[in-house]
Amino acid sequence: MKDEYKDLYQQFGLNVVYYRKKKRLSQTQLAELVDIHRTYVSSIELGKVSVSFDILFKLAEALDVPTSKLFEIRE
């Protein structure tokens, strides 16, 4: 991940946290729905890793939101 995009990765991660908590899911539950490890969910939420389109689509589906919602910049 390039440092120039760090803020965007962090915002993406915050959106994942927001929608996960809105659905009242734990990281473990979300990981199971997306078929990834819980520590990967944690790394996504902290903005430490990038995700493939496959994972992006699975996250959006599991969180019941359009993929675009995961990219919104919220204040």
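**Entry 1: setting out**

I count a residue as buried when its relative accessible area is under 20%, as exposed when it is over 50%, and as partly exposed in between. The model I am looking at is a predicted one. I tried the cut-offs on R24 to begin with: its relative accessible area is 75%, so R24 is exposed. I found R24 in the loop between α1 and α2. Its phi is near 60°, a positive value in a residue other than glycine.

I then looked up D35, which sits in the loop between α2 and α3. Here, too, I read a positive phi in a residue other than glycine, near 65°. D35 has 65% relative accessibility, so I noted it as exposed.

**Entry 2: helix α1**

Next I turned to helix α1, which covers residues 6–22. Does its length agree with what its residues should span? I checked: at 1.5 Å a residue, the 17 residues of α1 should span 24 Å, and the end C-alpha atoms are 24 Å apart, which agrees.

Which residues of α1 are buried? I wrote down Q11, F12, G13, N15, V16, V17, Y19 and R20. These buried residues pack against α2 (27–34), α3 (38–45) and α4.

From the α2 side I picked Q27, which lies in that helix. Its relative accessible area is 17%, so Q27 is buried. Leaving aside neighbours within four places in sequence, I found Q27 in contact with R20, R38, V41, S42 and E45.

**Entry 3: aromatic pairs**

How many aromatic pairs does the structure hold? I noted 3. One of them joins F12 and F71, with 5.3 Å centre to centre and 45° between the planes, and it is tilted. F12 lies in α1 and F71 in the segment after α4 (53–63), so this pair ties together parts that are 59 residues apart in sequence. F12 has a relative accessibility of 8%, so I counted it as buried.

Another pair is made by Y18 and Y19. I read 4.9 Å centre to centre and 80° between the planes for these two tyrosines, an edge-to-face arrangement. Is each partner buried or exposed? Y18, at 38% relative accessibility, counts as partly exposed, whereas Y19 is buried, with a relative accessible area of 8%.

**Entry 4: the largest pocket**

I went looking for pockets next. The volume of the largest one is about 230 Å³. Which of its 15 lining residues are closest to the centre? They are L8, Y9, F12, V51 and F71. I was pleased to meet F12 and F71 again here, as they are the partners of the tilted pair.

Which element gives the largest share of the lining? Helix α1 does, with 5 residues. Sorting the lining by class, I got 11 nonpolar residues, 4 polar ones and no charged ones.

**Entry 5: helix α4 and L56**

In helix α4 I stopped at L56. With a relative accessible area of 6%, L56 is buried. What does L56 touch, not counting residues up to four places away in sequence? My list reads F12, V51, T67, L70 and F71. So both rings of the tilted pair are among the contacts of L56. I also looked up L56 and I44, which are 12 residues apart along the chain; their C-alpha atoms are separated by 10 Å.

**Entry 6: the segment after α4**

Last, I followed the chain into the segment after α4, where I found D64. It has 58% relative accessibility and counts as exposed. D64 and K23 are 41 residues apart in sequence, and I read 8.6 Å between them in space, C-alpha to C-alpha.

R74 is also placed in the segment after α4. Its relative accessible area is 31%, so R74 is partly exposed. Where does R74 make its contacts, leaving aside neighbours within four places in sequence? I found Q11, L14, N15 and Y18. N15 is one of the buried residues of α1, and its C-alpha atom is separated from that of R74 by 8.5 Å, although the two are 59 residues apart along the chain. Y18 is the partly exposed tyrosine from the edge-to-face pair.

Methods
Residues numbered from 1 in each chain as written. Predicted model: local features only at pLDDT ≥ 70, side-chain atom pairs only at ≥ 80, totals over all residues. Heavy atoms only, no water. Phe/Tyr/Trp six-rings, centres within 6.5 Å; stacked < 30°, edge-to-face > 60°. Helix = DSSP H or I, 4+ residues; strand = E, 2+ residues; numbered from the N terminus. Buried < 20%, exposed > 50% of the residue type's maximum accessible area, 1.4 Å probe, protein only. Expected span 1.5 Å × (residues − 1). Contact = heavy atoms within 4.5 Å. 1 Å grid on protein atoms, 1.4 Å probe; cavity = no way out; pocket = protein on both sides within 12 Å on 5 of 7 lines; lining within 4 Å. Points joined across faces, edges and corners; volume = space filled by probe spheres on them. Nonpolar A, V, L, I, M, F, W, Y, C, P; charged D, E, K, R; others polar.
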